[in-house]
Every structure is written in C-alpha cells, then in structure tokens.
Amino acid sequence: MPAQGGKVRNLLAGSGNGKSAVATQRTGDESPAGKGGPAGKGGPAQLAEVARGGTLNLVGAGVAAATTVGLTVFVTRVFTKPVAGAFFTAISAFLIVEAVASLGAMVGLVYFIARLRSLGEERRIPAILRAAVIPVIVASILLTVLMLLVAEPLAHLLLSGHLGKQGAVSPAAVAQTLRALALTLPFAALLDTYLGVSRGYRDMRPTVVIDKIGRSAAQLIGIAIAVAAGSAALLAPLWALPYVPAAAIAWLWARRIQRRPSKGPRGMPDVPPELAALLALSTTVPSVKGAPRVGRRMQQRRLANANPRGFWRFTTPRGIASLASITLQRIDIVLVAIIMGPAAAAVYTAATRFLVAGQLGNMAITMAAQPRFTELFAIGDRRNANVLYQVTTAWLVLLTWPLYMLAIVYGPEVLTVFGHSYRAGAPVMLILALTMLLATACGQVDMVLITTGRSSWSLINGLLAVGVNVGLDLVLIPRYGITGAAIGWAVAIILTNLMPMAQLASSIHLQPFGRGTLLAALLSTVAFCAVPFGIRAVLGGGLAGLAAGVAAGCVVFAVGLWRFGGPLRLSAMPGVSSIQSRLSRALGR
C-alpha cells in the first residue's frame, strides 16, 4: 500500500470512536503508536465502523434504487402512458407537499439530539422532541385537509386540457389518486421525523431497514399487486399504504432507542454534513487526559438555544433547503404534466430514473468522508481537506461515470425496458447523462461547502437553482417538450455544482481536480464510452451489442483499477481493500 493511500485511509478513519481528530488536535494527546482499539486514531476498529456504516447505507440505497426502477418498469409496461404519467405526477406532487409538512424537523432533531447527548444533557431531549413532533402533526393534518379539498381542481390543473386528446385518464381518477395520497401524508411526515430521532442517537438501522428497504419493498409489492389486478385505481393507495406501518415502526424503534441506558457523551455522530460541522464547532470533546474542562458558564451558553424557540430558529432555514432539494428533483415532472400532458410526464419520468442509481456512489462516499471533512475544517487543516476532497472526487467518478457513459452510448436500448414508445426519452437521457458527468466531476462540492460552515451560501445556491429550473421549464417546455425540461434541469444541476465549486476555490482555495480525478475520468471514458462505441459500431445497438460492450468495458475497467490502484488510493476506500487484494492475486500481480 503506498504511503499516500495510508494517509487517506487515516483521514477517513471513523470519528465515532470516543476520541475524534478534533479532540486530538485540541488536546495534543495522541494515542500511542501501535495501540489499537477504540481510542487509536485511524485504527482498524474505526475503519471497520466507517465501512460498516457505509455498507449499511449502500445496501439500503441499492434496494431503494432497484425498487424505484422496478416500480417504474411495472407501471410503464402494463398501463398506458397517460395513466402512468398521471400516477408519477401525483406522487411527485405528494413528495413535494410531504417535504412542506415535515417542516425540516428531521434535520433539527438529528442536530439537537446528537448535540444534547454529546453534552450529557439527554434529559432535555423529550422537550425538544415534543417541540418538533406536535407542529409536524398539525401541519401535516392541515395539508391533508387542504389536499382533500383541492383534489378536484388540482387534478384539472395537472391534466391541464390534455384530457380530451388522450382520453385514457379522467380528472375524477386523478382526484381520487390525490385523495388517497393525502390520507397518508401525516404518516409520511412522521416517518421522516422519527427517523431523525434515531439518527440523532447514532442509529442508522431504522432509516435503512424501515425506509430504504422495508417501505420501498412494500411499495414495489403493492404496485405489483395493482399491476396483477390490472387496476390503475389501486396504484396510489397501494403505493402510499406502506407509510402507515413504517411510521408506527419508526415511532416504536425510536422509543426503544430512547430507553437504552446512556453511555455518556458520544463522539461525532453519523449525521448530515451541515449538522456534523455544527456539532464539531459547538459541542464539547470527550474527556481526554490533560484536556481543559469546560466551565459551567460555557456549558450554559452551549445549551442556550436547546428549547423550542431555538429548535425552530435552527430548523426553519434548513427545512427550506430540504424543500428546495426535493422540489428540484420533482418539479420537472409536475410541470411537464401540466404543460405537455401526463403521457409526456411518463416518458420523462422513465428517462430520468437512471439518475437514482447514480446516487448510490454519492451516498457511499458521503457516509465515509463527511465526518472527516468536518473534523479537518474544525481544526483548520485545509491541506488534508483538499487531499480528501480530490481523492473522494476520484472515487465518485469511478462509481458513477460508468453508468452515465453507458446511458450516453446505449440510451435508446436502456429505455426499451420501459416499453418501445419510451425510446422517445433518449434525448432527455443524453442531456442529463452529460450533465451528471460534469456534476460528479465537481465531487461532493455542496457537502464540502456546507461542512466549512457556509450553509447560508448553500441555501442561496439551492433556491437560485430552483428558480432557474422553474423559469427555464416554463419557457422551454412549451417549445421543446421533455427535451426543454431536461435542459432546464441540466442548467440547474450545473449551477448547483459550479457555484459552490467557485465559492470553495475563492474562499478557502479547495478544488476537486487532482491526478486521481483525471485518471478516474480517463479510465471510465475508455472503458465505458470508447470501448462500447467501438463494439456498437461492429455489432450494432441490439441486446448482443449492449451485452458485449458492457462486458468488454468491465474487463478494461477492472484491469485499469488493478493497474492504477495506487494513484487512485483504492485501498483507502472502505470495503475495497479486500476486493483489490483478491483481484491482484487473480491477475498475478
């Protein structure tokens, strides 16, 4: 293992060990070399913890992505495009409303619970929990009533005059779908809220087991039942129904976690990057020999906002940021349905589903790297933060570019899985695949920006991107259809990456383009663009050509990873070292 790889592995070593890098830097009390166990910085226990957490989230994200694609295939293969589009539009609108109903409480709960635990003030958590849950219940019930009242006019708006042309879906049917979704809105909002409680207690299992795996699988089963029955009327109720038991189980699991005996102040929790940054800067470090004790006055200052008013002052802007994020992901589908009709929305939805699978790599890298970014910025170590930024960007390129390259080469063939008429979405897939190549080459730029403490910049960037996306959609969709929607979303994605990248470069001189990033981009391009293009030119674009191109690309990619594993720092990546060693033995390295 090259020395640089070992350095990066130490940078990624977990911080849930009771003694973080922040604590080490502030006290100067290093663990003796050679000692393992929980206290050893960068030791096997910490790396194993990071790998386990990343693997758990990767499995959950993989199941969620697979069920999302499977659900889309079921609906598009069995029902007409207008029916499928009306269903996809309704659930997109529901998810935006659900983000409003949740009030961002999950974000605040993760932060406040983790912070209070790190300060040894768990007795304050019940009051914070009540302050979060009651407004969510009230808001979700009010929005449920509102959705029930406006279901009919909203259905007419979503169909927007396209009913007579396509005739396969009626306003009454869409209104019934919206009402079925509205009845589960409080449960969906409470599910997010109670999963935030569990994450505040450093337990990711409820999020993965209940939401990513359980709810997603149950929704797929429900859609399969509706498909088997051939009933479009059952699609929305059976898709929404899993929110009810999921919310109940999340509540019971959160109560069980709360009743566990406290083990004292904890280290850096597994939380979103913004919250991890705030925790690093605003909480005490674990007790370490020789470390100065925090006075009572300082303790009181850190607890000054641990009340309902402080909770919502913290949560509101972050709730707005979460709403902007989900709006950016879903508003295109709604606007396409309103302007072009539900049939066009069905094609657009199918053509954008590959983006879901692309988020797997992003999630895996985030879970491993975000606590270390937080600690490095907290102690002012920008040099190592830049190293980590460039290395994780290279990994992100390796994990996502193959998918986007194959979407560029085989877009029409991939869309055929939804039905031959869905090949009309090939331009959308091409535009967004090219856009995501640029976006992933910027790395986890927004997460890094937030982790530096510039969350307000990220909020402004997100709101600006939503405004640009909606504005361009309103101008381009009437003229260019779903291609116009893809252009609008592509511009918004580019803005959400280039703006924070420029802000990082100008403010703290960080940039994602290192040797590893360029090498990863070149390897991915050769393996999954040049090679498949060449094979397609010889064998054509059928199933045989696709299979041969993917197989040859995988071989070239594997050889490249084996040959350039050192510069790419692969052995520092959680879970990869064993794979790399087996590959080396197989190839006789």
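Let us start with two helices that run side by side in this predicted model: the axes of H19 and helix H22 (residues 482-507) come within 9 Å and cross at roughly 5°. Angles under 35 degrees count as roughly parallel, so H19 and H22 are roughly parallel to each other. On the H19 side, the residues that make the contact include Pro427, Val428, Ile431, Leu432 and Thr435. H22 meets them with residues such as Ile482, Thr483, Ala486, Ile487 and Trp489. Look at how the numbers step along each helix. An α-helix has 3.6 residues a turn, so residues three or four places apart point the same way.

Now step back to the whole protein. How many helices and strands are there in the protein? There are 25 helices and zero strands. The protein has 589 residues, and 55% of them count as buried. Take the contacts with a separation of 6 or more: residues 24 or more positions apart account for 81% of these.

Next, follow helix H23, which covers residues 515-539 and has 25 residues. From its first C-alpha to its last, H23 reaches 35 Å, close to the 36 Å expected at 1.5 Å a residue. Still, H23 has a kink of about 35°, centred on valine 526. Just after the helix, glycine 540 takes a positive phi of about 90°.

Many residues of H23 can be found on your screen as buried ones, among them Gly516, Leu519, Leu523, Ala527 and Pro532. What covers the buried residues of H23? The cover includes helix H18 (382-415), helix H19 (426-441) and helix H24 (543-563). So the H19 you met beside H22 turns up here as part of the cover over H23.

Let us zoom in on one residue of H23, serine 524. Is serine 524 buried or exposed? Buried means under 20% relative accessible area, and serine 524, at 0%, therefore counts as buried. Leaving aside residues up to four places away in sequence, serine 524 touches Val397, Leu398, Trp401, Pro402, Met405, Cys529 and Phe557.

One of those neighbours, Cys529, brings us to the cysteines. Cysteine 529 has a relative accessible area of 15%, so this residue is buried too. Cysteine 442 has a relative accessible area of 1%, and it is therefore also buried. A disulfide is a covalent bond between the sulfur atoms of two cysteines. How many disulfides does the structure hold? The structure holds zero disulfides.

Notes: Residues are numbered from 1 along each chain as its sequence is written. This is a predicted model: local features need pLDDT of at least 70, side-chain atom pairs count only at pLDDT 80 or more; totals for chains, interfaces and linings use all residues. Side-chain values use heavy atoms; hydrogens and water are left out. Helices (H or I, at least four residues) and strands (E, at least two) are DSSP runs, numbered from the N terminus. The expected span of a helix is 1.5 Å times one less than its number of residues. The bend at a residue is the angle between axes fitted to the seven residues ending there and the seven starting there. Buried means under 20% relative accessible area, exposed over 50%, partly exposed in between (1.4 Å probe, protein chains only). Contact means heavy atoms within 4.5 Å. A disulfide is a pair of cysteine sulfur atoms within 2.5 Å. Axes are lines fitted to C-alpha atoms, for helices over the stretch in contact, and angles run from 0 to 180 degrees between N-to-C directions. Angles under 35 degrees count as roughly parallel, over 145 as roughly antiparallel, 65 to 115 as roughly perpendicular and the rest as oblique.
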